Amino acid sequence: MTAPRPRALFVRLLAGSILAATALAAAPVTAQTTNNAPGAAAARTDGPRARPWMNTGLSADARVELLLKEMTLDEKLQLTFGYFATTADWLKTPTKNWAYPKDGLPASAGIVPGIPRLGIPNQWQTDAGVGVASQRGPTPRLRTSLPSGIATASTWNPELAQAGGAMIGNEAFLSGFNVQLAGGMNLTREPRNGRNFEYGGEDPLLAGVITGHEIKGIQSQHVVSTMKHYAFNGQETNRFTIDTKIGEQAARQSDLLAFEIANEVGQPGSVMCSYNRVNGHYSCENDWLLNTVLKRDWGFKGYVMSDWGATHSTSEAANAGLDQQSGWAFDRSPYFADALREAVNNGHVTEVRATDMARRVLWGMFSVGAFDTVVAGDRATTIDYAGHAAVTRADAEEGIVLLKNTAGLLPLAKTAKSILLVGAHADIGVLSGGGSSQVYSPNAPTNGLVVPDEFPSGFPGPKTYHASSPMKALQARTGATVTYLDGKDVKAAAAAARKADVVVVFGEQWTGESLDVPDLNLPGAQNALIDAVARANKKTVVVLETGGPVVMPWLGKVGAVVEAWYPGTAGGEAIARVLTGEVNPSGHLPATFPASVAQLPRPVIEGDPKLDRDAHPMGNYDIEGAAVGYKWFDKTGAKPLFPFGYGLSYTNFALSGLTATAEGKGIKADFSVRNTGAAQGKAVAQVYVSGAGWEAPKRLGAFRKVDLAPGTSQAVSVTVDPRLLATFDVTSGGWKIAGGDYKVMLATSATDIVQTVTVRVPAQTLDRGGR
């Protein structure tokens with residue numbers, strides 16, 4: 001049996017119907033690798049009779065229990081400790097005594113040794129959420145990259161997210177990995193966060209649904225997905241130590257709700273706890289986050305792995321719910337190696353808990369079929385790169401957001417004889433986000449760089465561009481002469497702009513793990529460049545390649561603005577297809593674009609970049625509580641530059657006929673969407689709800705993306721999850737819906753309400769899981 005091929009998934013998506021490892025004996029920390037020694041040969045033959053846990057007719061729970069009966073304590077503990085699998089001189093210190101693991105895959109995130117005696121595979125781990133990432137080096141792994149997570153969230157299309165997940169999961173599997181550190185979920189509380197590009201935006205429903213479907217796609221390929229970073233990892237400044245304060249009700253109604261929804265949709269095999277503290281305790285030894293919320297209230301059956309360097313103790317972490325220490329030697333000590341075995345022997349961690357840790361790891365692997373369809377090394381030569389390019393291009397196209405289009409400047413007129421492109425290496429490729437999630441293009445040189453690295457300071461670099469040229473793609477689609485200037489000489493760019501029929505300026509904002517951006521401006525002199533070009537030619541289009549929201553002081557002077565985010569390895573093609581009208585843009589913003597940082601809950605980022613890892617800076621999420629993003633703007637009355645949910649099209653849509661009724665414990669809403677324009681297009685219909693005593697005037701309650709030919713309409717029915725009508729009651733530990741009248745609003749964005757109706761909802765109580 002082989003993993004499913006995502007080309008078929010992509011075809012079905014377009015049709016609308018998506019639906020024994022060896023030892024790590026070489027490492028100096030050897031306490032948990034004894035059963036992988038050469039002498040520990042398998043004592044049984046394969047097969048359900050000899051190994052009853054290999055009976056695929058049994059549930060994952062039953063198979064785990066059968067296997068646990070055969071395991072020694074040492075074997076159980078072996079599953080709780082992982083090794084980094086990239087050569088790194090800075091890890092080779094006398095105190096850490098670290099060596100490259102024998103069976104680690106080159107330039108990868110890590111490995112957890114398996115147990116051949118029992119047929120337990122190694123866990124080969126790869127970053128990250130946009131594809132099979134590679135640590136930097138002279139010959140990085142070259143694979144397909146999806147657009148950034150925020151771009152996928154901009155599609156508002158769960159099926160597309162799932163197809164993308166299946167594609168990168170397939171490449172992970174064929175690259176020899178069965179664990180993918182993907183499923184980024186942190187809400188955009190801080191628009192300057194350097195990792196916003198990896199995540200799903202600011203709303204818990206949208207982020208939870210989109211990321212949950214990506215997780216589901218990854219795991220369809222027999223690869224464990226790790227939902228992350230749990231929780232409240234909202235900035236990179238002091239990310240290792242900052243202590244985030246937030247009340248339980250606000251927490252449950254915001255970030256935790258996003259994780260809860262993604263967990264229900266995707267059923268990830270693993271959750272990765274984050275670096276930061278929450279209410280005084282590190283996330284990876286936070287009993288409330290891990291044991292109470294995740295495992296008890298949500299019934300999570302999988303395992304909690306630490307982020308690389310996020311483990312700080314042995315007994316405290318294990319008892320608080322951490323099941324696996326990742327990426328030794330990033331941490332200060334091998335807490336889950338000899339120390340954990342000693343803690344169990346001394347009774348500081350019970351053997352029952354040690355067994356539960358192994359149970360959860362095994363369940364995660366069984367649940368995705370990792371025992372039954374075992375990775376067979378690097379088979380990258382069998383990857384369907386052409387089919388995968390179609391998947392990532394479709395994602396990029398639907399994630400591109402048309403923010404402004406004066407006098408129909410877009411799509412580009414066929415009569416244009418000269419098109420000038422300016423900036424961001426648009427002659428060569430498209431920008432990618434930096435850090436551990438970095439994927440290098442399959443059509444790049446062997447070093448992965450189509451543009452020499454412009455970030456000489458090391459991690460999160462190199463600053464990388466994918467080899468997909470917007471200029472070449474436009475040249476292939478227009479009869480115009482398409483030329484390029486780098487824009488470094490502003491006067492020369494303005495002079496050239498005066499002579500062109502149309503100018504397309506590419507504005508870039510490179511962001512990456514470990515760094516927050518200082519403000520919301522495009523860096524360098526780009527704002528001045530765009531201003532000068534727009535003054536020289538009113539037919540100026542700005543294409544933004546950014547990791548999150550930016551301000552636009554030149555907005556009133558340009559003719560059109562397109563937010564393309566980081567569009568992945570087929571991004572140049574996607575941008576050209578949208579600019580020329582070959583594809584009608586249908587992306588909508590998953591995050592509010594502020595008019596200035598003064599509108600934010602924290603005009604200045606909390607913490608201090610100069611503090612070291614022994615500091616204890618504080619962060620206060622109680623300022624906004626659950627009023628994240630558009631809810632904060634609604635609550636304060638501030639007018640954003642562009643609202644959450646906003647996006648234009650080359651056609652027009654009419655939303656009408658809204659009705660709503662209480663149904664079950666939620667609300668059912670019905671309405672109609674009609675394409676009143678002249679082009680095929682996709683509308684994103686949004687339903688907001690408003691009740692009393694909430695964190696903000698309204699919440700996103702449901703959404704649906706609808707593809708319509710000109711003049712056609714479609715009836716749509718959606719349901720509002722009861723938790724989106726409720727508040728979390730800390731005293732009872734459950735959700736409560738107040739009886740009374742609720743407004744139900746049909747909208748095209750958070751500020752563009754088309755129709756409102758009122759529905760009476762009875763008072764109701766939900767359990768901890770929202771049922």
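Helices (H or I, at least four residues) and strands (E, at least two) are taken here as DSSP runs, numbered from the N terminus. The structure described below is a predicted model.

## Confidence

The average pLDDT of the protein chain is 93, and 94% of the residues reach a score of at least 70. Residues 1–45 have a pLDDT under 50 throughout. The model nevertheless holds 112 contacts beyond four places in sequence for residues 1–45. Where pLDDT is low, predicted coordinates should not be read in detail.

## Backbone geometry

Most residues other than glycine have a negative phi, and most peptide bonds are trans. Two peptide bonds and two phi values are described here against that background.

The peptide bond between Asp127 and Ala128 is cis, with an omega of about -10°. Ala128 lies in the loop that runs between β3 (123–126) and α4 (149–155). A cis bond also leads from Phe459 to Pro460, where omega is near 10°. Pro460 sits in the loop between β14 (430–431) and β15 (465–466).

Trp156 is not a glycine and has a positive phi, near 50°. Its loop joins α4 and α5 (158–174). Is Trp156 buried or exposed? Its relative accessible area is 0%, so Trp156 is buried. Ala424 likewise has a positive phi, near 60°, and is placed in the loop between β13 (418–422) and β14. With a relative accessible area of 10%, Ala424 is under the 20% limit and therefore counts as buried.

## Helix α2

Which residues of helix α2 (residues 60–68) are buried? They are Ala60, Arg63, Val64, Leu67 and Leu68. These residues cover an arc of only 135° around the axis, so they lie on the same side of α2. An α-helix has 3.6 residues a turn, so residues three or four places apart point the same way. The buried residues of α2 pack against two other helices, α3 (73–78) and α12 (351–367).

## Cavities and pocket

Rolling a probe the size of a water molecule over the atoms shows where empty space is left. Three such spaces are listed in the table.

| Space | Volume | Lining residues | Lining by class |
|---|---|---|---|
| Largest cavity | about 200 Å³ | 24 residues | nine nonpolar, 11 polar, four charged |
| Second largest cavity | about 120 Å³ | 15 residues | nine nonpolar, three polar, three charged |
| Second largest pocket | about 670 Å³ | 33 residues | 14 nonpolar, 10 polar, nine charged |

Which residues lie nearest the centre of the largest cavity? They are Gly129, Val130, Gly149, Glu198 and Glu214. Helices contribute to this lining: α4, α5 and α6 (204–219) each supply at least two residues.

For the second largest cavity, the residues nearest its centre are Thr188, Arg189, Pro191, Leu600 and Gly629.

The second largest pocket has a volume of about 670 Å³. Phe84, Trp90, Gln135, Phe330 and Phe459 are the closest to its centre among the 33 lining residues. Phe459 is also the residue from which the cis bond to Pro460 leads.

## Two buried loop residues

Val550 is located in the loop between β18 (540–545) and β19 (560–563). A relative accessibility of 0% is why Val550 counts as buried. How far apart are the C-alpha atoms of Val550 and Asn521? The separation is 5.7 Å, although Val550 and Asn521 are 29 residues apart along the chain. Leaving out residues up to four places away in sequence, Val550 touches Gln509, Leu520, Leu522, Leu544, Phe593 and Leu641.

Arg239 belongs to the loop between β5 (224–230) and β6 (243–245). Although Arg counts as a charged residue, Arg239 is buried, with a relative accessible area of 7%. What does Arg239 touch beyond residues up to four places away in sequence? Its contacts are Arg195, Asn233, Tyr275, Asn276, Phe459, Glu513 and Ser514. Phe459 thus appears in three settings: it precedes Pro460 at a cis bond, it is one of the residues closest to the centre of the second largest pocket, and it is touched by Arg239.

Conventions:
Residues are numbered from 1 along each chain as its sequence is written. This is a predicted model: local features need pLDDT of at least 70, side-chain atom pairs count only at pLDDT 80 or more; totals for chains, interfaces and linings use all residues. Side-chain values use heavy atoms; hydrogens and water are left out. pLDDT is the predictor's confidence in each residue, from 0 to 100. Contact means heavy atoms within 4.5 Å. Buried means under 20% relative accessible area, exposed over 50%, partly exposed in between (1.4 Å probe, protein chains only). The arc is that of the directions from the helix axis to the C-beta atoms. On a 1 Å grid over the protein atoms alone, a cavity is a set of points where a 1.4 Å probe fits but cannot get out, and a pocket is an open set with protein on both sides within 12 Å along at least five of seven lines; lining residues have an atom within 4 Å of a point. Grid points are joined across faces, edges and corners, and a volume is the space filled by probe spheres set on the points.
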